[in-house]
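Student: I'd like to learn how to read the enclosed spaces and strands of a model. Could you walk me through one?

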Amino acid sequence: MNLIKHLVLLLAAPLVFAQTPNLSGFWELRFDSRNVPEASLTLDATKIAREQRAHDAHAIRWCYNLGVPFLMAQTPIDIIQNASGKEVAITFPYRGPSRHIYTDGRKHVNPDVFDPSSSGDSIGHWEGETLVVDTIGFSDEGVISIPGGGRRTVTSHLMERYRLVKNGQQLSVTSTWDDAQTFSKPHTYEFRYYRAPKGTEAREYDCNASDEERAKFLTGTPGL
Amino acid sequence: MKKQFLLALVLAGLVNTKINAQKAPDLSGYWERRDDVGGGSFGGIFDKIIPKAELKPEVREENRRNAARQAAGDVVGFGSKWCLSSSYPFFMQHSAAWSIAQTDNEIVQVHETHSFPRHIYMDGRKHPEPALLNPSSTGHAIGHWEGDALVVDTVGFIGGGTPGGGKIGPGTRLTERFHLLDGGKKLSVTFTWTDPAFYVKPHTYELQYYRSEPGTYAFEEYCHADDPKQSGSVVAPPQK
């Protein structure tokens, strides 16, 4: 009896101590998925709201890389948590860069070397059952607006906390943006993604900047 | 008591070894092409290692007409000018590294070029019925393991081309075999394209990739269609 008890404990130990929650799969936002308070913006950030809208509209018109955080709201997102434990990838139904969150213990790439990008340089680690993701190295490419107000800039710092809730049927992602250029205090909001139905498949929403009808719709007077 | 614990330790080790032995090979990580054959360029490598696709006479004739148009200064494709998405397998031939993210239920190929990531479903699902199949740039891909080889079956492409002059259309089927070489330092991918509309016989070739150094990270390729320099990569064509 003792032999069996020891055996069970020894086999179960790696599962109990080494296994992190599995966030893999397709996730989607629904109408009640967002808790987004208004951001406290610096005076400078408030003044350039119109310019920011024009910047985003231009990026969409010309099919630029859209970037974070815009893509995190374009669902279904697909999270692929490598079995190796070294990386978590997030893909989107839009053309362009996927997110790579390195969980192999590396530090941020030296900013003197890293080419700023629309999704930045992300590293992650587990705190209990929460995946904590730290991102810097953003560019101003793509859609820069942040839910609740403000914008992504080259000095933005994003901290995200991913954790399963409701028995793994929902994924909570809390995002905190810190950037003295934009926010008078860190800006935090939470999305709760619903696990997409089994058999969900990736979609491809393409973008064609040469489509004149599309360009007319996006830049012309609504209704004409 | 101590004896029983030691015996349990040995048994647990044996069971864990068995479990690990049944695990699928870990293909995850970054992979990149190199010039092993002295091709001098990525196109040059293809000339040395990829056989010419054996195409039906009417497809060869269409290709000949397109080549003649190009030689006369017409532009056959505007992809680079307008930053259009490239279709699979373009990024498998690209100079940039690409990566594999792997779980039991899904394997995803992620790359840095202007195209979509490729999702390979490993959860036992089938292809959708043809009437429900949404053609896409990466097709509908399902995979399974045959020993150490990942076998991927893909249908539902929009269109495009392959190395060696092959064509891809709505009726094209791609079968691939991914397997690790040299203790996981290299990855072999064998591509077999079939389509009775284009090919006289299946078009098969192999590409090999080297595992990138630890610490490799993804770049982000960008393309701005409104940038005159980007448009300038295509010379104004004589045709309307």
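**Reading the cavities and strands**

Tutor: Happily! This is a predicted model. Let's begin with an enclosed space: the lining of the second largest cavity consists of A:V68, A:P69, A:M72, A:L158, A:E160, A:V173, A:S175, A:W177, A:Y189, A:F191 and A:Y193.

Student: How many of those lining residues are nonpolar, polar and charged?

Tutor: A lining can be read by residue class. Here nine are nonpolar, one is polar and one is charged. The volume of this second largest cavity is about 70 Å³.

Student: Which strands supply at least two residues each to the lining of the second largest cavity?

Tutor: The next step is to map a lining onto secondary structure. In this case β8, β9 and β10 of chain A each supply at least two residues.

Student: How do those strands pair?

Tutor: For pairing, look at direction and bridges. β8 (residues 157-165) and β9 (residues 170-178) of chain A are antiparallel, with nine bridges. β9(A) also runs antiparallel to β10 (residues 187-195) of chain A, and eight bridges join them.

Student: Which residue in β9(A) is the bridge partner of A:R161?

Tutor: That partner is A:T174. Follow A:T174 onward and you reach A:E190, its bridge partner in β10(A).

Student: What about the turn between β8(A) and β9(A)?

Tutor: In a hairpin, check the loop length and the backbone angles. Four residues lie between these two strands, and A:K166 has a positive phi near 50 degrees.

Student: How many cavities of 30 Å³ or more are there in the whole structure?

Tutor: The search finds two. The largest cavity holds about 170 Å³, and 17 residues line it, with A:S98, A:H100, A:S119, A:G120 and B:A218 closest to its centre. By class, this lining has six nonpolar, seven polar and four charged residues. β5(A) gives the most, with three residues.

Student: And how do I read an open space?

Tutor: Ask about its volume and what surrounds it. The second largest pocket has about 980 Å³ of space. Its lining comprises 46 residues, and B:S87, B:Y88, B:S136, B:S137 and B:T138 lie nearest the centre. Of this lining, 20 residues are nonpolar, 20 polar and six charged.

Student: What is the average pLDDT of chain B?

Tutor: Chain B averages 87, and 86% of its residues score at least 70. Over residues 13-21 of chain B, though, the pLDDT is below 50, and this stretch has two contacts in the model beyond near neighbours in sequence. Where pLDDT is low, predicted coordinates should not be read in detail.

Note on methods: Residues numbered from 1 in each chain as written. Chains lettered and ligands numbered in written order. Predicted model: local features only at pLDDT ≥ 70, side-chain atom pairs only at ≥ 80, totals over all residues. Heavy atoms only, no water. pLDDT = per-residue confidence, 0-100. Contact = heavy atoms within 4.5 Å. 1 Å grid on protein atoms, 1.4 Å probe; cavity = no way out; pocket = protein on both sides within 12 Å on 5 of 7 lines; lining within 4 Å. Points joined across faces, edges and corners; volume = space filled by probe spheres on them. Nonpolar A, V, L, I, M, F, W, Y, C, P; charged D, E, K, R; others polar. Pairing = 2+ DSSP bridges.
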